[in-house]
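Subject: A structure for you to look at

Hi there,

Here is the structure I promised to pass on. Please open it first, and then read my notes alongside it.

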Amino acid sequence: MNAIHINANDNVAVALSPIAAGEALDFGGAAGEPAGVTALEDIPCGHKVALAELPAGARVIKYGQPIGSLTADVRRGAWVHTHNLATDLSGEVEYTYDPDFHELEPVAAETFMGYRRPDGRVGIRNEVWVIPTVACAAGIAREVAARAQHLVRGSIDGLRCFEHPFGCSQVGDDLAQTGRVLAGLANHPNVGAVLVLSLGCEELTREKFLGYLGAYDERRIKFATCQDEGDEVAAALEALEGLCGYAATFEREPVPASELVVGLECGGSDGLSGITANPVIGRVSDALAARGATAVLAEVPEMFGGEAFLLNRCRDRAVFDEAAGMINWFKGYFLSHNTPVYDNPSPGNMEGGITTLEDKSCGCVQKGGTAPVSGVVARYGDPLPAGARGLVLYNTPGNDPSSATGLAAAGCHMVLFSSGRGTPFEAPVPTLKISSNSALAARKRNWIDFDAGVVATGERTLDEAGSDLYRLMLEVANGEKTKSEARGLASISIWKGGVTL
């Protein structure tokens, strides 16, 4: 088997391994698959090959959805890619709600060992974080975190600082977005204690930050302002000594998996991502929803052209209106910056076989599984609503670090991150990397936690691989570190949309 015909209505197939010119497409003998198709040219792994004679202007169908129109005639067996296929996307769309979803069969939730916080929420890590409110204090935060490592003890999983370049020379919505994200991180249940480090003269003052933070436990969050201290490092270390003492009082206890909140992300995608890694994550997303847990699908620009997989699965008209409004808002954001909505995929995506944004999006949204869309969070940095369950759509850009930071600020315990080309990036929360192809998993064992390429090789079915990934996800919730987490690669990147003064 060297190719896959994803949907019966598709007029292209995808190469599961390199196919040489003159080689016949082999679909594994499945009944009803196209027969007698021979590659007219070399077809790289993950790339598309035409299954019929297609004229210029014809729409190419993949995943059962149009992914663009041909710019030239294409013969049966020819390579379909950027040289002969272009996007059909433009601006905003008036979407129509035509409900088409099914409820998942409920499944009894397993338990994992988590940290129950005084407010009732649950964390899967018990870390201590140093969060600077402004770039000017980032170096001090880094120094303080380095000098405080001796305070890590008992149940504390680690002490880290999260630097960023913002908090001053920002105004309006942009400053508010920074404040919301940093407050969301400070409130995260994976964190046993937090030191918020200010400079003293920045736009995001301590008083403004408190407005975003809301009510807080003074045992858990402490503040230090560098300009107010003769020795700001000594003051910060003194505060951290007390914070670490508090964090060390927490111990793991059995928690139902229905408490889990898991973000869904992809980066460095290739032509196999939508066939292996993303649908495997989709199986886990459905498993979470069936257990009353929460899966959060982000990256709104990578829903453009794939909306058909999501909008009609909205549980009711109100959710649909929020989802459609969020997607069109993001298109308007692009256009307001004189950026076409289809200015994607990346060069790496295209090298891996993804041609148009529709092609990329139809693969990306596979991470959302089949569950009804139960909610929408339309503002980046906002927390998930209390009691959110099932599949939730969350407003982030497609940029991986900015999107994953938004998922963490929303309250996700971990992120399932698929990739066809690989990345060492680690969000502020455990980021479990899933490779779309086995070659990447073999080459980057220090990055990849799970190989979904076994679906392409036929070693595991999508359901079997999904079950394997779900079990690994529970192990991470129990405390097993992801590859990048173990190397301490965690960082944040806050989405910036406004001017810099």
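Below is what was found in it, topic by topic.

Before anything else, please keep in mind that this is a predicted model.

**The nonpolar cores**

A good place to begin is the largest nonpolar core, which has 99 residues. Within this core, L260, L416 and M473 touch the most other members. Helix α6, residues 317–336, supplies the largest share of the core, with nine residues. Apart from this core lies another one, of 28 residues. Its members include A137, A145, A193 and C244.

If you would like one residue to click on, try M473. Which residues does M473 contact, leaving aside its neighbours within four places in sequence? They are L260, V262, V284, L288, M414, L416 and L432. Two residues in that list, L260 and L416, are also named with M473 as touching the most other core members.

**An open sheet with helices across it**

Next, have a look at the open sheet of four strands, in the order β11-β10-β12-β13, where the pairing is parallel. At the edges are β11 (158–161) and β13 (221–225), each of which pairs on one side only. On average, neighbouring strands in this sheet are turned by 15 degrees against each other, with direction ignored.

Strand β10, residues 127–132, is joined to β11 in the parallel sense over four bridges. You can follow this pairing residue by residue: E127 has G158 of β11 as its bridge partner, and W129 stands opposite R160 in β11. Where do the residues of β11 point? G158 and R160 point one way, L159 and C161 point the other way, and all are buried.

Two helices are worth finding here. Helix α1 (residues 138–147) lies across β10, β11 and β12 (191–198), and runs at about 165 degrees to β11. Helix α3, residues 206–213, lies across β12 and β13 and runs at about 160 degrees to β13.

**Aromatic rings and the charges over them**

There are 15 aromatic pairs in the structure. One of them is formed by Y246 and F250, with ring centres 5.4 Å apart. Their planes stand at 90 degrees, and angles over 60 count as edge-to-face, so this pair is edge-to-face. Are these two residues buried or exposed? Y246 has a relative accessible area of 12% and F250 is at 9%; the limit for buried is under 20%, so both are buried. F250 also has a charge for company: the charged end of R117 sits over its ring, 4.5 Å from the centre.

W329 and Y333 make a stacked pair, with 5.6 Å from centre to centre and 5 degrees between the planes. These two residues are four apart in helix α6, so about one helical turn separates them. W329 is partly exposed, at 44% relative accessibility. Both W329 and Y333 belong to an aromatic cluster that also includes F304, F330, F334, Y380 and W495. Over the ring of F304 sits the charged end of K331, 5.3 Å from the ring centre.

**A hairpin and some positive phi values**

A little background helps with this last part: most residues other than glycine have a negative phi.

Strand β4 (residues 59–62) pairs with strand β5 (residues 65–70) in the antiparallel sense, over three bridges. In this pairing, R59 stands opposite S69 in β5. The hairpin of β4 and β5 has two residues between the strands, and Y63 there takes a positive phi near 60 degrees.

Two loop residues are also worth a visit. S169 is not a glycine, yet its phi is positive, at about 60 degrees. You will find S169 in the loop between β11 and α2 (172–186), where it is partly exposed at 27% relative accessibility. E299 also has a positive phi, near 60 degrees. It lies in the loop between β16 (294–297) and α6. How buried is E299? Its relative accessible area is 1%, so E299 counts as buried.

Happy exploring, and best wishes

Methods: Residues are numbered from 1 along each chain as its sequence is written. This is a predicted model: local features need pLDDT of at least 70, side-chain atom pairs count only at pLDDT 80 or more; totals for chains, interfaces and linings use all residues. Side-chain values use heavy atoms; hydrogens and water are left out. A nonpolar core is a set of buried Ala, Val, Leu, Ile, Met, Phe, Trp, Tyr and Cys residues joined through side-chain atoms within 4.5 Å. Buried means under 20% relative accessible area, exposed over 50%, partly exposed in between (1.4 Å probe, protein chains only). Contact means heavy atoms within 4.5 Å. Two strands pair if DSSP finds at least two bridges between them. Axes are lines fitted to C-alpha atoms, for helices over the stretch in contact, and angles run from 0 to 180 degrees between N-to-C directions. Rings of Phe, Tyr and Trp (its six-membered ring) pair if their centres lie within 6.5 Å; planes under 30 degrees apart count as stacked, over 60 as edge-to-face and the rest as tilted. A charge sits over a ring if NZ of Lys or CZ of Arg is within 6 Å of the ring centre and within 35 degrees of the ring normal.
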